[in-house]
Amino acid sequence: MAYSLHFAASMLACYLTAQVLSHSTWPWAAPRVAIVCWQAVGLALGLSAMGVPMALGLAAYDRPTGGALLALATDLLHGTLPAGLSAVHLGLVGVGFGIGAVLVTTTVRSVHASIRAQRRHRDLLTLVARRDPTVPGALVLDHPSAAAYCLPGRKPRVVVSAGTLSLLDRAELAAVLTHERAHAQERHDLVLLPFTALCRALPWFGWVRDAYERVALLVEMRADDKARELHAEAPLAGALRRFAACGNRVTPAGALGLGDRDLDVRVRRLMVADRPPRLIGATALAVAATLVALPISIFLS
């Protein structure tokens with residue numbers, strides 16, 4: 001029972017940390033640190049969700065969950081079980097493994113769906129997109145709507161529409177292209193995949209969906225920062241304003257688009273050059289490490 005309470009406390013810590021991250025503004029100034037914190041929350045939540053039913057089912061062994069699982073496996077091989085271990089307890093252990101299986105399965109399905117959508121769109125681009133010397137390293141779609149996105153993967157593609165070329169000036173376009181290349185270089189699609197899996201595996205937790213939305217915004221802010229490093233704030237802010245004013249924006253499935261999320265918030269953020277104190281970043285990383293260590297230590301200690 002004690003170990004299950006420890007896992008439950010770990011889940012509570014994940015929830016409280018998620019609430020702090022959701023209602024704080026410092027993550028906007030340090031999106032990379034905040035993304036690491038959210039990833040720690042997601043990993044610790046998954047481990048703790050598995051651990052609660054397992055620990056309840058293995059309470060008869062009165063030992064850490066990992067050791068109890070090994071003892072259970074040994075007892076099952078010898079056909080003997082300790083007193084107090086009933087079919088209900090075995091069912092709870094099965095529930096824990098089931099949650100783990102769901103997490104792994106949904107992650108694999110998310111990866112498969114993303115790769116399939118990217119492959120399908122990449123094949124489409126070979127038919128309808130063109131190269132343009134004014135946009136080196138990118139593909140151009142002859143479409144009047146505003147579109148600028150990265151199609152990630154082993155061979156990423158940066159795509160802009162003809163509508164975007166007419167919408168932005170040269171400096172704004174250069175900033176947008178750097179933004180999209182940042183998505184490909186830092187593999188932001190992989191950053192989002194675990195949260196997609198958690199949303200599918202734990203749909204009854206509303207704050208898990210909120211976590212996905214927060215991380216998706218932080219990913220865009222991180223790409224904004226990479227563009228700001230090379231092109232300053234004004235060109236990218238101008239591009240975001242133009243995209244915000246253009247209601248007809250297009251981003252296909254499996255891609256990461258410039259105009260997907262909270263454009264007004266991102267513009268306001270770009271015009272503020274402050275950074276959080278290093279102490280906040282160090283504290284946040286320490287909390288992230290502690291969150292992950294908690295369920296692991298309960299399994300092993």
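Which charged end sits over the ring of tyrosine 212? In this predicted model, the charge belongs to arginine 209, and the distance to the centre of the tyrosine 212 ring is 5.8 Å. As for rings facing rings, the count comes to 1 aromatic pair.

Stepping back to the whole chain, there are 12 helices and 5 strands. The C-alpha trace spans about 75 × 45 × 25 Å along its principal axes. Of the 301 residues, 49% are buried.

The strands come together in one open sheet, and reading across it gives the order 1-2-4-3-5, with mixed pairing. Strand 1 (129–131) and strand 5 sit at the edges; each has a single partner strand, so one side of each is left with no neighbour in the sheet. Further in, strand 2 (residues 139–141) runs parallel to strand 4, and 3 bridges hold the two together. Along this pairing, leucine 141 stands opposite serine 161 of strand 4.

Strand 3 (residues 148–151) is a good place to look more closely. On one flank is strand 4 (residues 157–161), which runs antiparallel to strand 3 and is joined to it by 4 bridges. Cysteine 150 has valine 158 in strand 4 as its bridge partner. The two strands make a hairpin with 5 residues between them, and here glycine 153 takes a positive phi near 140°. Strand 3 also pairs with strand 5 (residues 256–257), again in the antiparallel sense, this time over 2 bridges. In that pairing, tyrosine 149 is matched with glycine 257 of strand 5.

What about the faces of strand 3: which residues cover each side? Ala148 and Cys150 lie on one side, Tyr149 and Leu151 lie on the other, and all four are buried, which leaves both faces covered. The back-and-forth pattern fits a general rule, because side chains in a regular strand alternate between the two faces of the sheet. Tyr149 and Cys150 thus turn up on opposite sides of strand 3, with tyrosine 149 bridged to glycine 257 and cysteine 150 bridged to valine 158.

Away from the sheet, helix 1 (residues 2–23) carries tyrosine 15. This tyrosine has 34% relative accessibility, so tyrosine 15 counts as partly exposed. Tyr15 also belongs to a nonpolar patch on the surface, along with Leu12 and Leu16. Together, the three residues of the patch offer about 280 Å² of accessible area.

Methods:
Residues are numbered from 1 along each chain as its sequence is written. This is a predicted model: local features need pLDDT of at least 70, side-chain atom pairs count only at pLDDT 80 or more; totals for chains, interfaces and linings use all residues. Side-chain values use heavy atoms; hydrogens and water are left out. Patches are made of residues with over 30% relative accessible area and no salt bridge: like charges are joined within 9 Å, nonpolar side chains (Val, Leu, Ile, Met, Phe, Trp, Tyr) within 5 Å. Accessible areas come from the Shrake-Rupley method with a 1.4 Å probe; for residues, only the protein chains shown count as cover. A salt bridge is a side-chain nitrogen of Lys or Arg within 4 Å of a carboxyl oxygen of Asp or Glu. Buried means under 20% relative accessible area, exposed over 50%, partly exposed in between (1.4 Å probe, protein chains only). Two strands pair if DSSP finds at least two bridges between them. Rings of Phe, Tyr and Trp (its six-membered ring) pair if their centres lie within 6.5 Å; planes under 30 degrees apart count as stacked, over 60 as edge-to-face and the rest as tilted. A charge sits over a ring if NZ of Lys or CZ of Arg is within 6 Å of the ring centre and within 35 degrees of the ring normal.
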